[in-house]
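Thank you for asking me to look through this entry. My comments are set out below as numbered points, each meant to be read beside the coordinates.

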Amino acid sequence: MANRKMEDRETAVSRLVELFFELGYEGTSLKAIEARTGLGRASLYNYFPGGKTEMARAVLVASDQWGVDHLMRVVQDGARPASERLLRIVGNLDALHARPSQLSPANAFCIGDAADQYTGHVQDHFHGLVEMMSELMAACGIPRDVALRRAWEFRVVWEGALVCTRVLGDQGLYRALMARMPTYLLAPADTPGLLAPDAPLPRPR
């Protein structure tokens, strides 16, 4: 019985991940949660006694685990060249956000009342991805300052393209930008970037 409950909760979490990244924390109502999971209110509170807040934490934990499985393990795969690992990370992120309705973690959890609770967690996501990408670029021979700047440029372009996709309902701009990213990330160090070389970059908290 305990195993069945765990399986049912895991199924519910997978559907909550889809829902929260489609509607965002603020836009996800209990009615929408019941419809997407197929669970009544009593069952939901049995699996998530803390209500919507606990559901959101479960979604973020699942998102963290996705990062471990599809990003961190790629970075740690020393049998593959650093350039291949970098491109696999870009490809995995692209595949994750293949739907026009998909929100990024920032848009899902850092708007409205949810921002106070979840912004710190999402900031850690930002810095973690930038660190992974910049380290791989540095391993490809790109100077560390250039690699760090490019990693932040990727993060900004990717987030912005996802917002445009959501607003326009069209992935054309997103697809065009993502297609250019692999070439740009591995371009010679003197290739002009979006940010000036002396542009201030965010620091981890």
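The points that follow go from the chain as a whole to its largest pocket and then to four individual residues.

1. Before anything else, please keep in mind that this is a predicted model. The protein chain holds nine helices and zero strands, and from the N terminus on its elements therefore read α-α-α-α-α-α-α-α-α, as helices and strands are numbered in that direction.

2. As for overall dimensions, the C-alpha trace of the protein chain spans about 60 × 40 × 30 Å along its principal axes. The protein chain has 205 residues, and 39% of them count as buried. Its accessible surface comes to about 11,000 Å², with 55% of that area belonging to carbon and sulfur atoms.

3. On contacts within the protein chain, when those with a separation of 6 or more are considered, 67% are accounted for by residues 24 or more positions apart. On charge, the protein chain carries 23 positive and 24 negative charges, and the mean positions of these two sets are 3 Å apart.

4. The largest pocket deserves its own point. About 620 Å³ of space lies in it, and 28 residues line it, with Ser63, Asp64, Trp66, Gly67 and His125 lying nearest its centre. The elements that give two or more residues to this lining are α1 (2-27), α4 (51-75), α5 (82-96), α7 (115-139) and α8. Helix α4 gives the most, with eleven residues.

5. Is phenylalanine 20, in helix α1, buried or exposed? Phenylalanine 20 is buried, because its relative accessible area is 0% and the cut-off for that class is under 20%. Leaving aside residues up to four places away in sequence, phenylalanine 20 touches Tyr25, Thr28, Lys52, Met55, Ala56, Val59, Leu103, Ala108 and Phe109. Phenylalanine 20 and isoleucine 33 are 13 residues apart in sequence, with their C-alpha atoms 9.1 Å apart in space.

6. Threonine 28, one of the residues that phenylalanine 20 touches, is placed in the loop between α1 and α2 (30-37). Despite that loop position, threonine 28 counts as buried, because its relative accessibility is 2%. Its contacts, not counting residues up to four places away in sequence, are Leu19, Phe20, Leu23, Ile33 and Lys52. The C-alpha atoms of threonine 28 and lysine 52, which are 24 residues apart along the chain, are separated by 8.8 Å. Lysine 52 is touched by phenylalanine 20 and also by threonine 28.

7. Tryptophan 152 is found in helix α8 (residues 144-168), and it counts as buried because its relative accessible area is 8%. Not counting residues up to four places away in sequence, tryptophan 152 touches Phe126, His127, Val130, Leu201 and Pro202. Its C-alpha atom is separated by 8.8 Å from that of serine 134, the two residues being 18 residues apart along the chain.

8. Is aspartate 198 buried or exposed? Aspartate 198 lies in the segment after α9 (172-185), and it counts as exposed because its relative accessibility is 67%, where the cut-off for that class is over 50%. The C-alpha atoms of aspartate 198 and aspartate 145 are separated by 9.6 Å, although the two are 53 residues apart along the chain.

Methods: Residues numbered from 1 in each chain as written. Predicted model: local features only at pLDDT ≥ 70, side-chain atom pairs only at ≥ 80, totals over all residues. Heavy atoms only, no water. Helix = DSSP H or I, 4+ residues; strand = E, 2+ residues; numbered from the N terminus. Buried < 20%, exposed > 50% of the residue type's maximum accessible area, 1.4 Å probe, protein only. Contact = heavy atoms within 4.5 Å. Areas by Shrake-Rupley, 256 points an atom, 1.4 Å probe, with all protein chains shown as cover. Lys, Arg positive; Asp, Glu negative; His and termini not counted. Charge placed at Lys NZ, Arg CZ, Asp CG, Glu CD. 1 Å grid on protein atoms, 1.4 Å probe; cavity = no way out; pocket = protein on both sides within 12 Å on 5 of 7 lines; lining within 4 Å. Points joined across faces, edges and corners; volume = space filled by probe spheres on them.
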